[in-house]
Amino acid sequence: MSAEREAAIAYARLGLPIFPLHPIIDDRCGCHDSKCKAIGKHPIPTGWQNSIVSVPAAESCWRSGLGARGIGLVCGPKAGIFGVDADRRHGADATLQDWKRRGRRIETVTDASGDGWHFLYRWPKSFEVEIRAQDLGGGLQVRGAAHFLVLAPSLHHSGKRYQWIRSPFDQEVAEAPSWLLELIAAKSHRTPIVADGEQQLVKIGERYHALVRFLGLLRSMGFGEKALVGFTDVFLDTSVEVDDDPDHKIDRDHAHAAARDIARRYLPYRTKQKAPLVVRGAVPAPGGSVSSFPFQSVRAVFPHTAYR
Ligand SMILES: [Zn+2]
């Protein structure tokens, strides 16, 4: 029996809301559309949200001869699950470290994808906000209604397999902690960290996330380690949190480590996220050095942070 088939049947037995994905065949999507961009993430049923398979259906959907079909997990209120997708390419390591430091525990069923992790939570029984695709900042995204996740041992397009860090056979999908739900609620109205100075906000207690996210953007524009560490210093020297909560104080060594980590871990590739970086003409030239970075623009970038 293939690993996918064995797992799919076991998930269906556990009551996890799963459905089949097209297999990856010779580095292409099994849907046979050579232009398909959803390789390894292409649902077979068009109405996948309502195609949750039973145990007999799993036995049939993953029978041999159909290729190594991946396993999708429906997220949403009906499925009773949502996920948090942590992308290491966008700073998830630093964010998760920061959460840990603040005592924000995230232990739940977790699988590892090619570039990060998926944390699974039970859909809250009562919550005033629709859990959809909130961007929690620092490389973390919510996967809620109208989304799905790919489960181990499905094949990722990178050639790696998704694998369990904490499997649903060893522990239950946890209730979402209240601080996470509060964070989702706070992020439900998108407030870009960088805009034209009118409506942007760095909310109280989110200065560190804003810093990390901005360091990631600088990196994507071609700035190196020295520039990122230099920016961090200017930011710490000139900006202050508006409240006295010791939890909101940013440790300088920790921030330097995060800046170096971002510079070393990520290639200085250019992203599509450049648009929100238009800050009153303060956009540094790609490949610029620490000396060419207009540090005076820090205030323009974080206008709602208090400065000395
Ligand atoms: Zn496809």
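Visitor: What share of the 308 residues in the protein is made up of buried residues?

Guide: In this predicted model, buried residues account for 38% of the 308 residues, and the secondary structure comprises eight helices and 14 strands.

Visitor: Why is I24 called buried?

Guide: A residue is called buried if 20 or more other C-beta atoms lie within 10 Å of its own; I24 has 22 C-beta neighbours inside 10 Å, and therefore I24 counts as buried. This residue belongs to strand β2 (residues 24-25).

Visitor: Which residues does I24 touch, leaving aside those up to four places away in sequence?

Guide: With those set aside, I24 touches C29, G30, I39, G40, L155 and H157. Of I24 and L155 it can be added that they are 131 residues apart along the chain, while their C-alpha atoms are separated by 7.4 Å. For the protein, among contacts between residues at least 6 apart in sequence, 73% join residues at least 24 apart.

Visitor: How do you know that the span of helix α1 agrees with what its twelve residues should give?

Guide: The expected span is 1.5 Å times one less than the number of residues; for the twelve residues of α1 (residues 3-14) this comes to 16 Å, and the end C-alpha atoms are 16 Å apart, so the two values agree. After α1 comes G15, whose phi is positive, near 90°.

Visitor: Which residues of α1 are buried, and what do they pack against?

Guide: The buried residues in α1 are E4, A7, A8, I9, Y11 and A12, and the buried residues of this helix pack against β1 (18-21), α2 (55-61), β4 (70-74) and β10 (148-151).

Visitor: What are the crossing angle and the approach of the axes of helices α5 and α7, and why is α5 called roughly parallel to α7?

Guide: The axes of α5 (residues 207-220) and α7 (residues 252-265) come within 10 Å and cross at roughly 30°. Angles under 35 degrees count as roughly parallel, and therefore α5 is described as roughly parallel to α7. The crossing in which α5 passes α7 is right-handed.

Visitor: Which residues make the contact of α5 with α7, and how do they divide by character?

Guide: From α5 the contact is made by L211, V212, L215, G216 and R219, and from α7 by A255, A258, A259, I262 and A263. Sorted by character, the residues of this contact are eight nonpolar, one polar and one charged. Since Gly is counted among the polar residues and Arg among the charged, the polar one is G216 and the charged one is R219.

Key:
Residues are numbered from 1 along each chain as its sequence is written. This is a predicted model: local features need pLDDT of at least 70, side-chain atom pairs count only at pLDDT 80 or more; totals for chains, interfaces and linings use all residues. Axes are lines fitted to C-alpha atoms, for helices over the stretch in contact, and angles run from 0 to 180 degrees between N-to-C directions. Helices (H or I, at least four residues) and strands (E, at least two) are DSSP runs, numbered from the N terminus. Angles under 35 degrees count as roughly parallel, over 145 as roughly antiparallel, 65 to 115 as roughly perpendicular and the rest as oblique. A crossing is left-handed if the near helix is turned anticlockwise from the far one by less than a right angle, and right-handed if clockwise. Two residues are in contact if their C-beta atoms, placed from the backbone, lie within 7 Å. A residue is buried if 20 or more other C-beta atoms lie within 10 Å of its own, exposed if 12 or fewer, and partly exposed in between; C-beta atoms are placed from the backbone.
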